[in-house]
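Me: Hi! I have a structure open here and would like to talk it through with you. Could you take a look?

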Amino acid sequence: MRYKIFTLFAALTLSAGALFANGTYVDGIYYDFDDAKLTATVTYRGSYYDEYTDEYTGKVVIPATVTCGDNTYSVTSIGKEAFGDCSGLTSITIPNSVTSIGDYAFAYCSGLNAIAIPNSVTSIGTEAFAYCSGLTSVTIGNSVTSIGKSAFEGCSGEHRSLGVRRYRMACESVGWRYLYQPIALYLQRRYAGEHVH
């Protein structure tokens, strides 16, 4: 009887850990895996995003696929708050397998100075890059159709390298004022027929 109770307790403890712990660490990056779809979401370490500070520093390269155990997963998203508050992050490479960047994914990454969002990405979440005070270059791929509120709020640099298509709908849906001002002006001029150099 004691053995059965101990086994049940151990199973419950492990289940609770799986519910509250976040991320499996593989080659320097934390992931949440979907075994049914064989997809992976980049996430943070711990039970909540700022439990650990700067788990990501320097240059981070997200792979298109990641192997864990016997499975190979396609990395399809950067989850909510995945890199939030990682001020030591200076560079991020996002693969063409990623289709979404979650809310607050890179918020307050003050060391990040450039971001290239690949053509595979269709949505950028609320405050995804908010308060990235060192950000001086943003390249946005041509498949983005949704930009969350305040996606680039509080970014101080000039963003000139914008490969943009189908943005009128996306920007009008969230309101021009929620985008970082040079991006908003660029998009307004582009769709008004003006050329920006």
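**Cysteines, rings and strands**

Reply: Happy to! Cysteine 86 is buried, with a relative accessible area of 0% (buried means under 20% relative accessible area, exposed over 50%, partly exposed in between, with a 1.4 Å probe and protein chains only). Please keep in mind that this is a predicted model, where local features need pLDDT of at least 70, side-chain atom pairs count only at pLDDT 80 or more, and totals for chains, interfaces and linings use all residues. Residues are numbered from 1 along each chain as its sequence is written, and side-chain values use heavy atoms, with hydrogens and water left out.

Me: Thanks. Why is cysteine 86 not bonded to cysteine 109?

Reply: The sulfur of cysteine 109 is the closest cysteine sulfur to that of cysteine 86, but at 5.5 Å it is too far for a bond. A disulfide here is a pair of cysteine sulfur atoms within 2.5 Å.

Me: And which cysteine sulfur is nearest to that of cysteine 109?

Reply: That of cysteine 132, 5.1 Å away, and cysteine 109 is in no disulfide. Cysteine 109 is buried, with a relative accessible area of 0%.

Me: How many disulfides are there by this rule?

Reply: The count is zero.

Me: OK, where is cysteine 132?

Reply: Cysteine 132 sits in the loop between strand E10 (123–124) and strand E11 (137–140). Helices (H or I, at least four residues) and strands (E, at least two) are DSSP runs, numbered from the N terminus. Cysteine 132 is buried too, at a relative accessible area of 0%. Its C-alpha atom is 8.7 Å from that of serine 87, with the two positions 45 residues apart along the chain.

Me: Switching to rings. How many aromatic pairs does the structure hold?

Reply: Nine. Rings of Phe, Tyr and Trp (its six-membered ring) pair if their centres lie within 6.5 Å; planes under 30 degrees apart count as stacked, over 60 as edge-to-face and the rest as tilted. One of the pairs is phenylalanine 83 with phenylalanine 106, which is stacked at 4.9 Å centre to centre and 5 degrees between the planes.

Me: Where do phenylalanine 83 and phenylalanine 106 lie?

Reply: Phenylalanine 83 is in the loop between strand E6 (71–78) and strand E7 (89–93), and phenylalanine 106 is in the loop between strand E8 (100–101) and strand E9 (114–117), so the pair ties together parts that are 23 residues apart in sequence. Phenylalanine 83 is buried, with a relative accessible area of 0%, and phenylalanine 106 is buried with a relative accessible area of 0% as well.

Me: What about phenylalanine 129 and phenylalanine 152?

Reply: Their ring centres are 5.3 Å apart and their planes are at 5 degrees, so that pair is stacked. Phenylalanine 129 is in the loop between E10 and E11, while phenylalanine 152 is in the loop between strand E12 (146–147) and helix H2 (167–174), 23 residues apart. Both of these phenylalanines are buried.

Me: Which residues do the ring pairs link into a cluster?

Reply: Tyr25, Tyr30, Tyr56, Phe83, Phe106, Phe129 and Phe152.

Me: Which residues touch the most other members of the largest nonpolar core?

Reply: Ile78, Phe83, Ile101, Phe106 and Phe129, out of 40 residues in that core. A nonpolar core is a set of buried Ala, Val, Leu, Ile, Met, Phe, Trp, Tyr and Cys residues joined through side-chain atoms within 4.5 Å. E2, E3, E6, E7, E9 and E11 each supply at least two residues of this core.

Me: Nice. Which way do the side chains of E9 point?

Reply: They alternate: Ile115 and Ile117 point to one face and are buried, whereas Ala114 and Ala116 point to the other and are not. E9 also pairs with E11 in the parallel sense, over four bridges (two strands pair if DSSP finds at least two bridges between them). Isoleucine 115 has valine 138 in E11 as its bridge partner.

Me: And how do strand E1 and strand E2 run?

Reply: Antiparallel, with three bridges joining E1 (residues 24–26) to E2 (residues 29–34). Threonine 24 stands opposite tyrosine 31 in E2, and tyrosine 31 also has valine 42 in E3 as a bridge partner. The hairpin of E1 and E2 has two residues between the strands, and aspartate 27 in the turn has a positive phi of about 50 degrees.

Me: Last one: how many helices and strands does the chain have?

Reply: Three helices and twelve strands. Buried residues make up 39% of its 197 residues.
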